[in-house]
Amino acid sequence: MRVKNLIGRRTATPPRDAVTPSHQILLRGGYVRQMGQGIFSLLPLGQRSRAKIEQILREEMDAIEGQEILMPVVTPAELWQQSGRYQAIGGELVRFDDRSGHPHVLNMTNEETVVDVVKANVDSYRQLPFMVYQVQTKFRDEPRSRAGLIRVREFIMKDGYSFHRTPEDLEAYYDRVLEAYKRIFKRCGLTQTVDISSDTGMMGGRLAHEFMFLSPHGEDTLLLCDSCGYRANREVVPTKRSFKPAQDEPLAEMQRVDTPGTKTIEEVATFLKTTADRCCKAVLFMTRDDKPVAGFVRGDMDLNQAKLRNAIMAAELRPMREDEFAQFGSVAGYFGPVGLDPEVWTMRFDRSILETPNLVIGGNEKDVHVTGFNLARDLEGAEVIDLADVVEGDPCPECGTGLRQSRGIEVGNIFQLGTKYSESMELLYTEEDGVAKHPTMGCYGIGVGRTLACVIEEHHDENGPMWPATVAPFTVQVCCIQAKKQPVREAGDALYQALLKAGVDVILDDREVGAGFMFADADLIGAPVRVIISPRNLKNDAVEMKYRVANADESLPTSLPIAEAAETIPKLVKKLIDAIEG
RNA sequence: CGGGGUGUAGCGCAGUCUGGUUAGCGCGCCUGCUUCGGGAGCAGGAAGUCGGUGGUUCGAAUCCACUCACCCCGACCA
């Protein structure tokens, strides 16, 4: 490839809309073209890098006996109805009818499809265990896409599914996948990626890990223990701290108080001359079938929606609208647990409510609160669970050390699904003893485009990407300074052809442009190795070597005799790749 | 879904409040000359349904109504 023919406009100024570094660079470097909200075309540079990431994925999946298949993007709704997810999943699943009126979906994940494939092809324990995977387009109609390739609606994902005779066998294989994933992210140059325990969410199943690229631009909050190595998504970290006051307090009586115009915790606390940690915060939701749910945490804490959702086994919770409060006997801003119909409301209380005496609660009446609330005394049969967000400094659930908080971008995840799908979709095989059994399943995903974006997030400077050699669209760029001069052009062309022949991903810039322009442009292409051919260097029968990473290995040569360049450069590239892959 | 913002040439923007020749500027693009090691200079040139539809008006990028798209924050999210 020659730069002059490369499709993808590179610009000095980033589009104003892009905020995240990877988003800016993807646009500035002509890697992608946005077609709509969360929908992108990949241009040659982006596509080449994507292909390299996919190649790594394939190698690592094959190394753990994965078998690559390809499933369709469109699936008849029937399959999703069988698993129950057609009903359970909200608007992010795109549903549509074909011309004859049959409902279909755009796959957002492929458990249903893969179970159908396996059903038709597996019947004996002799065939287990196995794993199949694909690299295929997914569509999720996200309510809000953002940050370039980090959160999109249409994306390419590597998704794998394994089938086992026993949960123990799944667990053993799961560990192998976990190790494979670590190798994948290492080979892609993502050193800031950690595996953490996570919620199973809509996938179901019991054990799950997410692979998080640590970044301030991440959308998930992680808690890490520097002492014992515990790390988990905030959604699943249990609260271990005590909420009991330092000294025992006598329990006050419950008392109605007028609190005009105090809708927020802060307003109530100020009005009653107390603090937020002596107020009871109610967070209200509706289930999918419009049943009201209330979660209570102390006023100084945040309610963790995932914890509440899991505790009441709800598929989905949405915030209650203000106009819905009245029909369930309360008022927005003055909601309290006392006096509500327990037949109507599903209520759960955080341990902080149980342990903190004499709380302020809402009076379920405009401008009225109640003081002196003590859960154990005042509400019979209240269900106390862990509902609050853990925050930085809270004790580690494993060892008690203070936790550190970080943000992360989810680049991959793995689930132990168990028999959720093999049961709901009636997938059976015959065991050794002749009995039909549901196989135990695992599933394993990696977002390819998101991984690409994270590579840029980790490896860039103000001039553009600094690609790891393993996933660089081009590993070598040959720059011809003063390409108008025939010896320069000829030398550049000869080296380019020789490197191509040696199998190097090389791009040649023989445009008649100024050196400054050419170098700035090359920075946006981001090849790890740059070879400069110029009249000055030719005079010494040499080529000049530059590396996109400023502090690259000092053993790398800064110039080469031109006669040796074609032979030495492929070795340099291999050395750079080996350094990443270890 | 709520809040905020933006739509004018490939990219970045001015012009809109206060309607008035042919809609401008910078970058990029094309031609020529001179330059030539970190985004060169001069000269000439091409490129626009002013997001869309409807309306007001002698006249609309500009005023009015509706609408679409995208971005940011929140909600949401395997």
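**Exercise 1. Find which element gives the most residues to the surface near RNA strand B in this predicted model, and describe that surface.**

Step 1. Start with the top contributor: α15, with 7 residues, gives the most to the surface near RNA strand B.

Step 2. Now take in the whole surface. RNA strand B is surrounded by 44 residues, and the closest of these are R16, R140, R144, Q305 and S534. Of the RNA atoms that come within 4 Å of the protein, sugar and phosphate make up 54%.

Step 3. Sort the surface residues by character. You should arrive at 19 nonpolar, 12 polar and 13 charged.

**Exercise 2. Work out which parts of RNA strand B are approached by the side chains of R9, N413 and E544.**

Step 1. Begin with R9. One of its polar side-chain atoms is 3.2 Å from a sugar or linking oxygen of RNA strand B.

Step 2. Move on to N413. Here too the partner is a sugar or linking oxygen of the RNA, and the distance is 2.9 Å.

Step 3. Finish with E544. An N or O atom of the E544 side chain lies 2.4 Å from a base nitrogen of RNA strand B.

Step 4. Place these contacts in a wider setting. Elements that contribute two or more residues to the surface near the RNA include the strands β1 (32–36), β8 (154–164), β21 (404–418) and β29 (529–533). The helices α8 (305–311), α15 (515–525) and α16 (535–539) also belong to that list.

**Exercise 3. Draw the strand order of the open sheet that contains β4, β5 and β6.**

Step 1. Recall the principle: strands of a sheet pair through backbone hydrogen bonds, in a parallel or an antiparallel way.

Step 2. Write down the order. The 3 strands run β4-β6-β5, with antiparallel pairing.

Step 3. Mark the edges. β4 (74–76) and β5 (95–97) are the edge strands, each pairing on one side only. From one strand to the next, the twist averages 35°.

Step 4. Zoom in on one pair. β4 is joined to β6 (residues 103–106) by 3 bridges in the antiparallel sense. For T75, the bridge partner in β6 is V105.

**Exercise 4. Locate the backbone features at P129, E65 and N358.**

Step 1. Keep the usual pattern in mind: most residues other than glycine have a negative phi, and most peptide bonds are trans.

Step 2. Check the bond from L128 to P129. This peptide bond is cis, with omega near -10°. P129 sits in the loop between α5 (111–121) and β7 (130–139).

Step 3. Look at E65. Its phi is positive, near 65°, and its loop connects α2 (44–63) with β3 (66–68).

Step 4. Do likewise for N358. Phi is near 55°, again a positive value, in the loop between α10 (351–355) and β18 (359–362). N358 counts as buried because its relative accessibility is 15%, under the 20% cut-off.

**Exercise 5. Count the disulfides, then examine C280 and C443.**

Step 1. Remember that a disulfide is a covalent bond between the sulfur atoms of two cysteines.

Step 2. Apply the cut-off: two cysteine sulfur atoms must lie within 2.5 Å. The count comes to 0 disulfides.

Step 3. Test C280. The nearest cysteine sulfur belongs to C279 and is 8.7 Å away, and C280 is in no disulfide. C280 is buried, at 7% relative accessibility.

Step 4. Test C443. Its nearest cysteine sulfur, in C454, is 20 Å away, and C443 is in no disulfide either. With a relative accessible area of 4%, C443 is buried as well.

Key: Residues numbered from 1 in each chain as written. Chains lettered and ligands numbered in written order. Predicted model: local features only at pLDDT ≥ 70, side-chain atom pairs only at ≥ 80, totals over all residues. Heavy atoms only, no water. Near = heavy atom within 4 Å. Polar contact = N/O pair within 3.5 Å; in protein donor to acceptor, adjacent residues only side chain to side chain. Helix = DSSP H or I, 4+ residues; strand = E, 2+ residues; numbered from the N terminus. Nonpolar A, V, L, I, M, F, W, Y, C, P; charged D, E, K, R; others polar. Pairing = 2+ DSSP bridges. Axes fitted to C-alpha atoms, helices over the stretch in contact; angles between N-to-C directions. Buried < 20%, exposed > 50% of the residue type's maximum accessible area, 1.4 Å probe, protein only.
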